[in-house]
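Visitor: I've got a model open and I'd like to learn how to read it feature by feature. Where do we start?

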Amino acid sequence: MKTLLSAALLSFTLWAAPAAAQDPNEPRWSLAIHGGAGTLDPERITPELRAEYEAALQDALDRGTQILKDGGSAVDAVKAAIVPLEDNPLFNAGRGAVFTWEGENELDASIMVGGDRSAGAVTGVKAIKNPILLADKVRTESRHVFLSGAGAEEFAADKGLETAGPEWFATERRREALERMKARQLSATDVDHKFGTVGAVALDLSGNLAAGTSTGGMTGKRWGRIGDSPMIGAGNYADNRSCAVSATGSGEYFIRVGVAKEICSRLFYRLLRERDAVQATVPVDEQGVPEYYIHASEFGIEASAAQEEADAVMAEVKGLGGSGGVILVTPDGHALYSFNTTGMYRGRATSDGVNEVAIFAGE
């Protein structure tokens, strides 16, 4: 039966054949990160600034990778990668967050684990040094999924999370963007050339997936605006059956499409459809009973198929008028990107030996 099963699976065009660099029987790990997508112009970034971004991305990638190499969990790798991005004023998350219309920094974050689909999220916090850590505390130590504002900060105090004053988050570059927006009556996209959200997705050696996203939102946001980043299913999602996704972009459109969950759902149902197609090739006895049954766990979707589904969702976002990008990791260890902008600060590393960071499209 094993011979017949192997033949059926190998004939199936979407079988995710393991890379030659790794024994297919060995557990795999994978990590992808992002630091925002948007209208990025290679002519407007100096070699020195590019080097700063690349170093920051590589540092975050290395921290998460080390967790996975050592056999740590996907969720710990996600946190390890996101914290230094939140601490770096180059990115719009934590320190370096953009200003609201009122001149404050309001922070959002979410995190999700693919095994039990536990999740935690916070929005509108102003004094939490690393919002991604608070989101994870909500996931693990509360009865809730989503906390906001003063209540979220009260919960953080109860859990002893590190706080910081307004001076920690504020940067002159972000303040100037707000002033320029008000003086010239510009839109947020006119002053924010990239949607500066940070995120990470990971697969660990135990086969568990996790995703995390953190942001300062949009310059000049008003009336308690909440984007997609802290919304489970829109800017963040993880499910061991399909993928882990973190998004960055024009949040209103990502919410309307439900981008992160939509990608995971597409991969899951594609896997089921292809499993049924393989099952149809299995010989049956005189009563029409198959000689054996195919299980989804016995095969996977190759990188090109996962890329196709992610690209289709991002095309839908673009069709509505939105822009941005996603990172995703699949149970087979594929670490992928999809974005409809000129660039996205990003990086990925896998147990197959991939280790890279990039900024512009085509890199």
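Guide: Let's pick one residue and work outwards. L61 sits in helix α2, which spans residues 47–69. Keep in mind that this is a predicted model.

Visitor: Is L61 buried or exposed?

Guide: The idea is to compare relative accessible area with a cut-off: buried means under 20%. L61 comes out at 0% relative accessibility, so L61 counts as buried.

Visitor: Which residues does L61 touch, leaving out those up to four places away in sequence?

Guide: Contacts are about heavy atoms within 4.5 Å. For L61 the list is L31, I33, G347, R348, A349, N355, E356 and V357. There's a C-alpha distance to look at too: L61 and I82 are 21 residues apart along the chain, and their C-alpha atoms are separated by 9.1 Å.

Visitor: I82 brings us to helix packing. What is the angle between α3 and α4?

Guide: About 150 degrees, with the axes of α3 (residues 74–87) and α4 8 Å apart. Angles over 145 degrees count as roughly antiparallel, and that makes α3 roughly antiparallel to α4. On the α3 side the contact is made by V75, K79, I82, V83 and E86, while α4 brings P131, I132, L133, D136 and R139.

Visitor: And how do α4 and α5 cross?

Guide: Here the axes of α4 (residues 131–141) and α5 (residues 149–158) come within 10 Å and cross at roughly 75 degrees. The range from 65 to 115 degrees counts as roughly perpendicular, so that label fits α4 and α5. L134, K137, V138 and E141 of α4 meet A152, F155 and A156 of α5.

Visitor: Let's go to the surface. Which residues make the nonpolar patch of about 290 Å²?

Guide: V145, F146, I226 and I232 make that patch. Take F146, which is found in strand β4, residues 146–148. Partly exposed is the class between the buried cut-off, under 20%, and the exposed one, over 50%. At 37% relative accessibility, F146 therefore counts as partly exposed.

Visitor: Can we zoom out? How many helices and strands are there in the chain?

Guide: The chain has 11 helices and 13 strands. Of its 363 residues, 53% are buried. The chain exposes about 15400 Å², and carbon and sulfur atoms supply 51% of that area.

Visitor: What share of the contacts with a separation of 6 or more comes from residues 24 or more positions apart?

Guide: That share is 70% in this chain.

Notes:
Residues numbered from 1 in each chain as written. Predicted model: local features only at pLDDT ≥ 70, side-chain atom pairs only at ≥ 80, totals over all residues. Heavy atoms only, no water. Patch = residues over 30% accessible without salt bridge, like charges linked within 9 Å, V, L, I, M, F, W, Y side chains within 5 Å. Areas by Shrake-Rupley, 256 points an atom, 1.4 Å probe, with all protein chains shown as cover. Salt bridge = Lys/Arg side-chain N within 4 Å of Asp/Glu carboxyl O. Helix = DSSP H or I, 4+ residues; strand = E, 2+ residues; numbered from the N terminus. Buried < 20%, exposed > 50% of the residue type's maximum accessible area, 1.4 Å probe, protein only. Axes fitted to C-alpha atoms, helices over the stretch in contact; angles between N-to-C directions. Parallel < 35°, antiparallel > 145°, perpendicular 65-115°, else oblique.
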